[in-house]
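Hello,

Here is the structure you were due to receive. Please look it over before reading the notes underneath.

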Amino acid sequence: MWIRTETADDANAIRAVIGSAFASQPGSGHIEQDIVDALRADDALSLSLVADIDGRIAGHIAFSAVRIEDGNPHWYGLAPLAVAPDDQRHGVGKALVRAGLIELERLGARGCVVLGDPGYYGRFGFRADSALVFEGVPPQYFQALALAGERAAGRVRYHESFYPDA
């Protein structure tokens, strides 16, 4: 397995992986596909990595800048993370998250937030932080990982691509 930055030729394969990974979720994966496409179109996809297994895209992870109410810069949101169903539980997601966090640190990120399973993301150091708020979700599922600098606080807002009806 090779973790690499997406290329323009990967867009359709990424859409397919996201669609299959989120097929059982509301929107059948179209919501997550549209978010990634919109981030890419707006040049707001800060980091986009794929897991390449013998030339086949097995997984994808996206990071985009988030705004925090206190103005703390260089924070990112991890969303979405998608692994093809046949490749799940084989370390693909873990490899993508680890590679993404290493690259964020290299880019000078101060931190990263994620909305997801605390049991899964906790293994990478993400923790619920009462100082950071993402409205409308149970607080234990909105987690943060500080990478450098001072602690951030306040409401968090993702890129407009995450709010298509706003």
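The notes below cover the sheet, two helices and one residue.

This is a predicted model, in which local features need pLDDT of at least 70 and side-chain atom pairs count only at pLDDT 80 or more, while totals for chains, interfaces and linings use all residues. Residues are numbered from 1 along each chain as its sequence is written, and side-chain values use heavy atoms, with hydrogens and water left out.

Seven strands form an open sheet with mixed pairing, in the order β1-β2-β3-β5-β6-β9-β7. Strands (E, at least two residues) and helices (H or I, at least four) are DSSP runs, numbered from the N terminus; two strands pair if DSSP finds at least two bridges between them. β1 (2-5) and β7 (127-128) are at the edges with a single partner strand each, so one side of each has no neighbour in the sheet. Within the sheet, β5 (residues 75-83) pairs with β6 (residues 111-115) in the parallel sense over 4 bridges. Opposite Cys 112 in β6 stands Tyr 76.

Helix α1 (residues 11-21) packs on the sheet and touches β2 (47-53), β3 (56-65) and β5, with its direction at about 90° to that of β3. Helix α3 (residues 92-106) lies across β1, β2, β3, β5, β6 and β9 (142-146), at about 140° to β2. Axes are lines fitted to C-alpha atoms, for helices over the stretch in contact, and angles run from 0 to 180 degrees between N-to-C directions.

Leu 47 belongs to strand β2. Leu 47 counts as buried (under 20% relative accessible area, 1.4 Å probe, protein chains only), because its relative accessibility is 7%. Leaving aside neighbours within four places in sequence, Leu 47 is in contact (heavy atoms within 4.5 Å) with Ile 61, Ala 62, Phe 63, Gly 100, Glu 103 and Leu 104. The C-alpha atoms of Leu 47 and Ala 62 are 5.8 Å apart, with their positions 15 residues apart along the chain.

Regards

Notes: Buried means under 20% relative accessible area, exposed over 50%, partly exposed in between (1.4 Å probe, protein chains only).
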